[in-house]
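User: Please take a close look at the shell around the ligand, then carry on into the rest of the model. Keep it brisk, and give me every cut-off.

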Amino acid sequence: MQRPDWAPDTIDIERPSVARMYDYYLGGSHNFAADRAAAQAMVAAVPEAPLMAQANRAFLRRAVQFLVESGVRQFLDIGSGIPTVGNVHEIAQRVAPDSRVVYVDVDPVAVAHSREILSGNDRATVLREDLRNPERILTHPEVTKLLDLTEPVAVMIVAVLHFVAPEDRPDEILRTLRGALAPGSYLVMSQASDDGRSESGERAEAERVYRRTDNQLWIRGRAELTGLFDGFQLVEPGVVWVPQWRPESPESAEDAERAVFMGGVGRLGG
Ligand SMILES: C[S@@+](CC[C@H](N)C(=O)[O-])C[C@H]1O[C@@H](n2cnc3c(N)ncnc32)[C@H](O)[C@@H]1O
């Protein structure tokens, strides 16, 4: 097949990518047959997968709105994904046009498409880097040019941590990021969880599907995710199923565990 403009020559379109599978769950068009087949296998195992992606995006939107209302004007969105409806810079700059946003992702399609939609926006940029190299992110020229780390920054690690293996020490990654942040900064995180969900083999099947990609799936429970906010004070309501995080209506928080993702927002005191 002919490669679309947004698909860099370096990518293997026969191997599913988690970024492009997520784009498919969200109804996007930046995905290939291999991504769609893997995403459909995931939906067969976990029928809530598209709902999970939508609920996670809604959480991200409410979290950014909360942060802007709290006075945050700088955002470092790591594992930002292929741009979709309601990207961080759109939400933040609509309310506070002076907001600055740096997107980071390892996926070349996510980076290329982000670069395209950000052209002409001198308060938002994107770079290709791996969350597992936090020092490289913090010292990257695009970060140091656009963000002032002596002022509060919101670090967003939304729907990414379940792609970081325990041996890659997520606790140390977060400690490094936290150590670079000024008081009043925030950490927003969500990740796939099976806390209290009844097991019907869906976890094993989901893990099997994601082994087709470069990213294995690492499910974590509420206690472990809460522990990764170490050093941050969780804002109410803490780490919850994402629909329960400051829902816009009580109905939107019903059957919240079907969203599969748990998330929270922490503030760095001091
Ligand atoms: C499920 S998407 C989430 C996108 C967005 N944060 C959201 O919540 O809608 C996960 C993204 O994380 C990226 N990703 C996975 N592992 C990563 C890593 N180690 N460093 C940076 N990005 C990573 C993937 O490429 C993908 O774009």
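Analyst: Three residue classes are used here: Ala, Val, Leu, Ile, Met, Phe, Trp, Tyr, Cys and Pro count as nonpolar, Asp, Glu, Lys and Arg as charged, and the others, Gly among them, as polar. By that scheme, the shell around the ligand holds 13 nonpolar, five polar and five charged residues. The model is predicted: local features need pLDDT of at least 70 and side-chain atom pairs pLDDT 80 or more, while totals for chains, interfaces and linings use all residues. Numbering starts from 1 along each chain as its sequence is written.

The shell counts 23 residues; membership requires a C-beta atom, placed from the backbone, within 6 Å of the molecule. Ala 19, Gly 79, Gly 81, Asp 107 and Leu 131 are the closest. Helices α1 (18–25) and α3 (49–69) are the elements that give two or more residues to the shell. Elements are DSSP runs numbered from the N terminus: helices are H or I with at least four residues, strands E with at least two.

Start with α1. Val 18 is found in this helix. Val 18 counts as buried, with 26 C-beta neighbours inside 10 Å. (Buried means 20 or more other C-beta atoms within 10 Å, exposed 12 or fewer, partly exposed in between; C-beta atoms are placed from the backbone.) Beyond residues up to four places away in sequence, Val 18 touches Phe 163, Thr 213 and Asn 215. Contact here means C-beta atoms, placed from the backbone, within 7 Å. Val 18 and Phe 163 are 145 residues apart in sequence, yet their C-alpha atoms are 9.1 Å apart in space.

Next, a helix pair. Helix α2 (residues 33–45) packs on helix α9 (residues 202–210) at about 175°, with the axes 9 Å apart. The two are therefore roughly antiparallel, a label for angles over 145 degrees. Axes are lines fitted to C-alpha atoms over the stretch in contact, and angles run from 0 to 180 degrees between N-to-C directions. From α2, the contact uses Ala 38, Ala 41, Met 42 and Ala 45; from α9, Glu 202, Glu 205, Ala 206 and Val 209. By class, that is six nonpolar, no polar and two charged residues.

Now strand β8 (residues 261–267). Seven of its seven residues are buried, so the rest of the structure largely encloses β8. Phe 261, Gly 263, Val 265 and Arg 267 point one way, and Met 262, Gly 264 and Gly 266 the other. Such alternation between the two faces of the sheet is what a regular strand shows. Strand pairing needs at least two DSSP bridges. Strand β5 (residues 186–192) runs antiparallel to β8, joined by seven bridges. There, Ser 190 has Gly 263 as its bridge partner. Strand β6 (residues 233–234) is also antiparallel to β8, through two bridges, and Gln 233 stands opposite Arg 267. Strand β7 (residues 240–241) joins β8 antiparallel by two bridges, with Val 240 partnered to Gly 263.

Finally, the backbone exceptions. Most residues other than glycine have a negative phi, and most peptide bonds are trans. The bond joining Glu 236 and Pro 237 is cis, with omega about 5°. Pro 237 sits in the loop between β6 and β7. Asp 255, in the loop between β7 and β8, has a positive phi near 50°. Asp 255 is exposed, with 11 C-beta neighbours inside 10 Å. Arg 169 has a positive phi of about 55°.

How values were computed:
Angles under 35 degrees count as roughly parallel, over 145 as roughly antiparallel, 65 to 115 as roughly perpendicular and the rest as oblique. Two residues are in contact if their C-beta atoms, placed from the backbone, lie within 7 Å.
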